[in-house]
Amino acid sequence: MSRLLGGTLERVCKAVLLLCLLHFLVAVILYFDVYAQHLAFFSRFSARGPARALHPAASSSTNFSRPNATAPSSGLPEAPSARPGPTAPILPPCPDSPPGLVGRLLIEFTSPMPLERVQRENPGVLLGGRYTPPDCTPAQTVAVIIPFRHREHHLRYWLHYLHPILRRQRLRYGVYVINQHGEDTFNRAKLLNVGFLEALKEDATYDCFIFSDVDLVPMDDRNLYRCGDQPRHFAIAMDKFGFRLPYAGYFGGVSGLSKAQFLRINGFPNEYWGWGGEDDDIFNRISLTGMKISRPDIRIGRYRMIKHDRDKHNEPNPQRFTKIQNTKLTMKRDGIGSVRYQVLEVSRQPLFTNITVDIGRPPSWPPRG
Ligand code: UD2
Ligand code: MN
């Protein structure tokens, strides 16, 4: 009896063991099958290039940290049949009206503004003052050009206010401070010409140029620092002028031209030494080439200017009234095609690129003797 029981038990045990083996085999087969499907699934994405839908964080940080870089590989296995295609993450175009703008801003120039603080508050801005939005592809690349000499105090406020504004505006941009070397008479427009050429040497993709005084801060971030199909005047209502345009043809402060518009007017004049007139000459150039100036709505074109005395090397240019009568004659020979200068130093700072330049001095006029 017990022998019969033992034999039955043995058979049952063998059957269970066999069943287990079978189960294990099926599990192994299924495991390899699912793994193979996973591979095929991933390689389908890497063959298309971006893995944006799967890894939004990874793709945005790639673009964020390397604005000009060719994108590194996604790190995922490539399918052997992968078609050649862009490996950079494809981000949607930046919206016309950027979300997250705050509108009217509180601007004041009393609290101290150390550069370390500005740097700390703008971690997304890369060396040289470059920025690319992490989540969308902007239509333009904007070079912001600042004519400069001995205004470090103004520059700190400018960087403090403008970097967050430009970032919120979802711009791909770079900031270029064109620093006039020496103590000869200042020449704003010539520095702006230098800025145009030097920014393009840094990055040939710049197609929009915003020219800004160092002491002007917009009071509303809806004043978008972009170029349009006409040259644009941004600083149309300044506290200095009771928030009104000082005169109809006024083009000073902050203006923007696309590369094509800038070249069409042969750039800016190089021969306005000292304060005044160069902005009117630029206005004339634009009118003479049949373009019209576009402006933001008066409510969002407001600016604050940091109070300052006129610099002793920026005395009013005595020739300015005569010169602006002659733009039609001078603009062909004097402009971006004739600018002569020598770059002394290019230094990429954390929040801007500084370009120190020798632009010469005004011809001695009227001739002495
Ligand atoms: C007005 C215009 C300016 C220009 C100028 C006449 C406004 C708000 N601005 O400026 O666009 O047309 O008249 O030339 O109306 N700068 C220095 N260091 C100097 C001198 C000038 O960095 O020693 C730069 C700086 O970026 C400054 C800009 O040049 O903001 C204009 O000079 P300004 O501020 O002394 O003259 P302002 O305010 O009358
Ligand atoms: Mn000023």
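How do the residues of the lining of the second largest pocket divide into nonpolar, polar and charged? The views below take up this and related points.

This is a predicted model, in which local features need pLDDT of at least 70 and side-chain atom pairs count only at pLDDT 80 or more, while totals for linings use all residues. Residues are numbered from 1 along each chain as its sequence is written.

**View 1. The manganese ion (ligand 2) and its protein donors, D215 and H308.** The donors, meaning N, O and S atoms within 2.8 Å of the metal (3.2 Å for Na, K and Ca), are D215 (OD) and H308 (NE2), and they lie 2.1 to 2.4 Å from the ion. The two residues are 93 residues apart, with D215 in the loop between strand 4 (208-212) and strand 5 (216-218), and H308 in the loop between strand 9 (302-305) and helix 8 (320-323).

**View 2. The second largest pocket and its lining.** A pocket is an open set of points on a 1 Å grid over the protein atoms alone, where a 1.4 Å probe fits, with protein on both sides within 12 Å along at least five of seven lines, and its lining residues have an atom within 4 Å of a point. Of the 13 lining residues, W273, N317, Q319, P362 and P363 lie nearest the centre. The lining divides into six nonpolar, four polar and three charged residues, where Ala, Val, Leu, Ile, Met, Phe, Trp, Tyr, Cys and Pro count as nonpolar, Asp, Glu, Lys and Arg as charged, and the others, Gly among them, as polar.

**View 3. The lining of the largest pocket.** Here 41 residues form the lining, and D213, K240, W275, R310 and N314 lie nearest the centre. The lining divides into 16 nonpolar, ten polar and 15 charged residues.

Definitions and conventions
Chains lettered and ligands numbered in written order. Heavy atoms only, no water. Helix = DSSP H or I, 4+ residues; strand = E, 2+ residues; numbered from the N terminus.
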